[in-house]
Amino acid sequence: MNKLIFSFLLPFLIFVDARAQDSTAYELQRNKINSLLAERSAKFGQYEESLSARTGIFGFQTKKDIKNSNEILRQIALNDNAIFTELKVLLDYKDLQFQQVKSNVDHNELRIDSYKRTIRDLQVKNEELLDYNKKTDKNASYLQFLLALFIVSTVVCIFIIYRKNNAIKAKEPQSGIKVIT
């Protein structure tokens with residue numbers, strides 16, 4: 001009994017485990033993108049600070065300030081590229097999930113169609129068997145009638161033979177001499 005229950009629950013447990021792994025991978029990817037976005041926001045704050053930094057004479061920006069701003073802007077662009085790459089992975093993952101769901105739906109539709117076909121075939125077979133059963137019941141009734149008729153006729157024949165035998169014995173002389181006629 002336990003094996004039967006386990007055999008029914010095993011596919012469900014595997015599906016739940018796979019679903020949990022998929023959700024975990026998806027959440028990890030989202031967290032990675034969120035951290036990259038937070039890093040981008042922090043870099044933008046640094047960029048705003050670098051634009052307002054004026055370490056030159058008379059409050060002007062120096063070449064170093066401009067290079068620092070450009071370097072932060074370059075890091076932001078690299079970070080944006082990383083975000084786009086991770087978003088592509090996330091979208092590919094979503095596409096994969098969509099394809100898996102579509103594949104499962106198609107597979108389940110095939111199974112349902114197969115079950116419907118099997119049920120229809122079994123219903124047809126059941127109809128055939130019921131018809132056959134009715135025919136055999138009629139034949140069995142007919143055979144029972146013939147058997148009863150045979151038994152009655154046999155009993156009647158035995159009774160007639162017994163009476164004739166008794167009638168012949170009654171006509172025979174009682175002595176040990178037999179008359180041949």
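# Exercises on a two-helix model

Apart from neighbours within four places in sequence, Ser-69 has contacts (heavy atoms within 4.5 Å) with Tyr-47, Ser-50 and Leu-51. The model is predicted: local features need pLDDT of at least 70, side-chain atom pairs count only at pLDDT 80 or more, and totals for chains, interfaces and linings use all residues. Residues are numbered from 1 along each chain as its sequence is written, and side-chain values use heavy atoms, with hydrogens and water left out.

## Exercise 1

Place Ser-69 in the fold and classify its exposure.

Step 1. The protein chain has 2 helices and 0 strands; helices (H or I, at least four residues) and strands (E, at least two) are DSSP runs, numbered from the N terminus.

Step 2. Ser-69 belongs to helix α2, which covers residues 63–171.

Step 3. The relative accessibility of Ser-69 is 4%, so Ser-69 is buried. The classes are buried (under 20% relative accessible area), exposed (over 50%) and partly exposed (in between), with a 1.4 Å probe and protein chains only.

Step 4. Other buried residues of α2 include Ile-72, Ile-76, Ile-83 and Leu-90. In the protein chain, 10% of the 181 residues are buried.

## Exercise 2

Compare the span of helix α2 with its expected span.

Step 1. The expected span is 1.5 Å times one less than the number of residues.

Step 2. For the 109 residues of α2 this gives 162 Å.

Step 3. From first C-alpha to last, α2 reaches 157 Å, close to the expected value.

## Exercise 3

Find the aromatic pairs and classify each one.

Step 1. Rings of Phe, Tyr and Trp (its six-membered ring) pair if their centres lie within 6.5 Å; planes under 30 degrees apart are stacked, over 60 edge-to-face, and the rest tilted. The count is 2 aromatic pairs.

Step 2. Tyr-26 and Tyr-93 have ring centres 5.8 Å apart and planes at 25°, so this pair is stacked. Tyr-26 is in helix α1 (residues 2–52) and Tyr-93 in helix α2, so the pair ties together parts 67 residues apart in sequence. Both Tyr-26 and Tyr-93 are buried.

Step 3. For Phe-44 and Tyr-47 the centres are 6.4 Å apart and the planes at 90°, so this pair is edge-to-face. Both residues lie in helix α1, 3 residues apart, about one turn of the helix. Phe-44 is partly exposed at 31% relative accessibility, whereas Tyr-47 is buried at 16%.

## Exercise 4

Which residues form salt bridges with Lys-32 and Arg-40, and which helices do the pairs join?

Step 1. A salt bridge is a side-chain nitrogen of Lys or Arg within 4 Å of a carboxyl oxygen of Asp or Glu. The structure holds 5 salt bridges.

Step 2. Lys-32 pairs with Glu-86, with the closest N and O atoms 3.5 Å apart. Lys-32 is in helix α1 and Glu-86 in helix α2, so the pair ties together parts 54 residues apart in sequence. Glu-86 is buried, at 14% relative accessibility.

Step 3. Arg-40 pairs with Asp-80, with the closest N and O atoms 2.2 Å apart. Asp-80 lies in helix α2 and Arg-40 in helix α1, so this pair ties together parts 40 residues apart in sequence. Arg-40 is partly exposed at 26%, while Asp-80 is buried at 17%.
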